[in-house]
Amino acid sequence: MMGLMPSEETRTMTPPTVRSSAAHDAGKAGGSSTRAWTTRLLVLGIVLSALNLRPAITSLGALLEEVRDGLGMSGSVAGLLTSVPPLCFAVFGVMAPRLARRFGAGAVVCAGMVAIATGLLIRPYAGGTAGFLAGSALALMGIAVSNVLMPVIVKHWFPDRVGSMTGLYSMALALGTALAAAVTVPLTDTLGGSWQTGLALWAGLAVAAVLPWLVFVRGRVTPPGAEQAAEAATGGGASVGAPSARDRGEEARTWASAPAEHARVEAPRLRMARSRTAWALAVFFGLQATAAYITMGWMAQIFRDAGVPAGTAGLLLAVTMVMGVPLAFVIPRLATRLPHQGPIVLALGVCGLVGYAGLYLAPAAGAWAWAVLLGVANCAFPLALTMVGMRARTGPGVAQLSAFAQSTGYLISIPGPLLVGVLYQHSGGWGLPIALMCALMIPQMVVGFLAGRDRTVEDEAAR
């Protein structure tokens with residue numbers, strides 16, 4: 001009788017448990033490689049998305065005078081235009097958690113990038129102020145849902161690196177903001193001087209941001225640790241009755257990328273309106289957003305009215321925005337190591353007060369110093385995002401807090417840029433608008449100090 005072939009003999013004599021273990025190890029090796037590749041792709045998607053979250057606003061700020069002349073806008077209408085971003089963020093941001101449960105956070109962010117690209121491309125050529133506002137609203141809708149979901153994605157994929165990943169995301173956001181402010185005017189001049197072209201070119205950056213998210217649209221991509229948690233819950237070494245591991249795996253799958261129909265665990269709804277911490281964070285978010293959008297929408301015009309050339313005014317705005325690049329990486333890391341983030345809030349507020357005083361007293365003579373100080377003050381935004389991730393214990397809790405704080409906060413911030421435009425038009429100068437900016441900084445420091453206390457909304461919202 002012929003003997004067995006060596007390969008067959010090996011297969012025959014190998015115990016089933018050994019085969020199973022070998023296959024499991026091979027699967028784990030392949031899975032680890034896939035997860036590493038997916039994580040790198042996700043980081044790229046986060047960075048590219050963050051780069052796109054402000055150019056729609058700061059590119060307009062750099063060319064606001066040209067847009068006003070081209071569309072025949074008054075100062076009050078221009079103030080309305082600068083109030084559109086927080087309005088859209090408030091209206092559309094509240095929809096983000098529901099959309100994420102239905103379609104997956106990755107799919108919603110991908111759709112948001114498509115909306116940004118489309119809105120930026122069509123708004124300069126839509127014809128008239130109404131068309132311009134509609135195109136802007138479409139782009140800002142995409143920005144709004146991405147704003148809310150970024151802390152959620154960071155919380156689930158990088159639960160042990162919330163500070164550093166929030167810093168990376170915030171740094172990319174600040175870089176995109178500064179880049180649009182700095183180069184929009186020179187690029188517009190290079191491309192023939194048409195403000196339409198200068199605004200539309202930023203659609204290309206949004207198109208690039210769509211690509212990394214395509215893999216997260218329908219695939220069940222899970223964060224590192226989710227599969228291990230699920231495996232442990234189903235018998236891979238876990239003791240009987242370990243629902244917490246299973247729940248963590250299911251929760252991560254649901255919020256990281258998978259649509260809601262795949263989820264077996266439904267996160268409880270929190271009553272955010274009952275949480276003092278949630279309210280403090282929402283008001284803090286709203287007041288820092290007010291300062292940020294007044295700065296992005298009007299600061300270049302303040303310098304231009306003081307006699308600074310248009311190109312230099314754009315660079316000054318870029319300096320203000322670029323300060324967030326290094327500080328947005330440092331501040332979240334520092335914030336996560338402190339039990340109370342209030343001292344950071346106070347330090348940023350003092351920088352803002354000094355910067356506003358400088359704009360009032362010597363806007364042209366000390367322009368670069370005021371630009372730097374206001375850039376430091378604007379880093380309240382990454383601090384607010386970091387506190388969103390720290391004031392809730394779970395991913396769904398972060399999603400609900402993020403939606404509440406950002407939507408409520410952006411509602412609070414709507415009147416600020418509009419009121420600045422009205423005061424500017426009727427007073428004929430910047431004294432009253434700058435006084436308003438200073439006055440708003442005081443309550444921002446107070447509520448930010450309260451929001452920085454070491455508490456979680458789950459404890460307060462469940463009372």
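In this predicted model, Arg304 has a relative accessibility of 17% and therefore counts as buried, since the cut-off for that class is under 20%. The side chain of this arginine meets that of Glu65 in a salt bridge, with 3.5 Å from N to O. The two partners belong to distant parts of the chain: Arg304 sits in helix 14 (residues 276-305) and Glu65 in helix 4 (residues 64-71), 239 residues apart. Glu65, at 29% relative accessibility, is partly exposed. The pairing also extends to a further residue, as Glu65, Glu66 and Arg304 are linked in a network of salt bridges.

It helps to recall a simple idea here. Side chains of opposite charge can pair when their charged atoms come close. The structure holds four such salt bridges, and two more of them are described below.

One of these joins the side chains of Asp459 and Arg393, at 3.1 Å from N to O. Again, distant parts of the chain are linked: Asp459 lies in helix 23 (residues 457-461), while Arg393 lies in the loop between helix 19 (380-390) and helix 20 (395-413), with the two positions 66 residues apart in numbering. Asp459 has 39% relative accessibility and so counts as partly exposed.

The neighbouring topic is Glu460, whose side chain forms a salt bridge with that of Arg455, at 3.8 Å from N to O. Is Glu460 buried or exposed? Glu460 is buried, because its relative accessible area is 7%, which falls under the 20% cut-off. Its partner Arg455, by contrast, reaches 36% relative accessibility and counts as partly exposed.

Conventions. Residues numbered from 1 in each chain as written. Predicted model: local features only at pLDDT ≥ 70, side-chain atom pairs only at ≥ 80, totals over all residues. Heavy atoms only, no water. Helix = DSSP H or I, 4+ residues; strand = E, 2+ residues; numbered from the N terminus. Buried < 20%, exposed > 50% of the residue type's maximum accessible area, 1.4 Å probe, protein only.
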